[in-house]
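Take a look at the fold below before reading on. Keep the sequence beside it as you go.

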Amino acid sequence: MTSNLPSFLVLTLPAFAVVLSFVVLLLFPGLRVRSHRLLLSFSGAFLLGITLFELFPEVFTEYEVRQTGVFIALGILLQIVLEFFSRGAEHGHVHQTGGHTGFSAMLFLSLGIHAFLEGIPLVHNPDVVYGISIHKIPIALIFGSFLLSSGKTLVQSWCVIGLFAFMTPLGALVGNLNVLQQIYPYLLALVIGMMLHVSTIILFESSKNHTVNLKRFAVIVLGMFLAYLL
């Protein structure tokens with residue numbers, strides 16, 4: 001895929017989305033408890049559109065189809081495992097499993113792995129950076145809220161957010177290493193599976209009582225349309 005996006009933008013935009021979201025969270029504390037259903041719907045639709053319109057054509061036209069399907073399925077399974085530890089933060093909320101809301105190292109690790117892997121396609125598919133960056137916003141809001149309610153100091157919270165923001169650019173850099181080019185198709189298929197799972201869960205869970213209203217439907221259509229325009 002060809003793109004006019006500068007490599008510096010590809011590497012920094014997802015991190016900037018995380019940092020900016022955390023700054024907004026600090027400036028407007030009420031965001032910690034507000035619903036983000038429309039934002040989630042838009043991000044899920046945009047991410048799904050990017051996956052279908054940008055990544056699917058590449059992976060199914062340039063690589064062996066059956067093996068590609070296997071690794072997409074493995075990506076879905078991997079994301080299910082990661083969400084066991086992240087409690088659903090990848091799709092915009094954390095399922096509480098008890099009264100304790102302290103910082104969880106497994107939450108950070110699972111979100112970090114997810115962020116690292118989704119950075120892998122960025123250098124080869126630069127336009128995907130928009131979908132990844134928009135996807136980062138609700139994740140950063142919910143993760144930032146979790147940090148701020150966990151008893152961490154502001155400095156500690158900034159350090160964790162900084163590390164989290166760095167994971168996707170790190171994945172992009174690693175994905176461009178020559179030593180990984182032989183297995184890049186399988187890594188890409190793995191990431192596609194993860195994105196498919198996350199985006200579809202977002203679209204299902206962002207609706208109250210699993211109903212579709214006109215405003216939410218319009219946001220979903222807008223997200224997919226903008227992804228198609230890329």
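The paragraphs below go from the overall fold to one helix, then to the surface and the aromatic rings.

This is a predicted model. The protein holds eight helices and zero strands. Along the sequence the pattern reads α-α-α-α-α-α-α-α. The chain counts 230 residues, and 48% of them are buried.

Start with helix α2. It runs over residues 37-62, which makes 26 residues. From the first C-alpha of α2 to its last, the reach is 36 Å. That is close to the 38 Å expected at 1.5 Å a residue. Where does α2 bend? The bend is at leucine 55, and it amounts to about 40°. A proline follows within four residues of leucine 55, namely proline 57.

Now turn to the surface. A nonpolar patch is formed there by Phe16, Val19, Leu20, Val23, Leu27, Phe28, Leu154 and Trp158. Together these residues offer about 730 Å² of accessible area. Which helices each supply at least two residues of the patch? They are α1, residues 7-27, and α6, residues 154-175. The largest share comes from α1, with five residues. Spacing along a helix is relevant here. An α-helix has 3.6 residues a turn, so residues three or four places apart point the same way. Among the patch residues, Phe16, Val19, Leu20, Val23 and Leu27 can be picked out in the model with this in mind.

On the α6 side, look at tryptophan 158, which sits in that helix. Is tryptophan 158 buried or partly exposed? Its relative accessible area is 30%. Buried means under 20% and exposed means over 50%, so tryptophan 158 counts as partly exposed.

Next come the aromatic rings. The count of aromatic pairs is seven. One pair joins phenylalanine 71 and tyrosine 186. Their ring centres lie 4.8 Å apart, with 35° between the planes. What is this geometry called? The pair is tilted, because planes under 30 degrees apart would count as stacked and those over 60 as edge-to-face.

This pair links distant parts of the chain. Phenylalanine 71 belongs to helix α3, residues 65-86, and tyrosine 186 to helix α7, residues 184-205. The two residues are 115 residues apart. Phenylalanine 71 has a relative accessible area of 26%, so it is partly exposed. Tyrosine 186 is at 30%, so it counts as partly exposed too.

Finally, find Phe108, Phe143 and Phe164 in the model. These three form one aromatic cluster.

Methods:
Residues are numbered from 1 along each chain as its sequence is written. This is a predicted model: local features need pLDDT of at least 70, side-chain atom pairs count only at pLDDT 80 or more; totals for chains, interfaces and linings use all residues. Side-chain values use heavy atoms; hydrogens and water are left out. Patches are made of residues with over 30% relative accessible area and no salt bridge: like charges are joined within 9 Å, nonpolar side chains (Val, Leu, Ile, Met, Phe, Trp, Tyr) within 5 Å. Accessible areas come from the Shrake-Rupley method with a 1.4 Å probe; for residues, only the protein chains shown count as cover. A salt bridge is a side-chain nitrogen of Lys or Arg within 4 Å of a carboxyl oxygen of Asp or Glu. Buried means under 20% relative accessible area, exposed over 50%, partly exposed in between (1.4 Å probe, protein chains only). Rings of Phe, Tyr and Trp (its six-membered ring) pair if their centres lie within 6.5 Å; planes under 30 degrees apart count as stacked, over 60 as edge-to-face and the rest as tilted. The expected span of a helix is 1.5 Å times one less than its number of residues. The bend at a residue is the angle between axes fitted to the seven residues ending there and the seven starting there.
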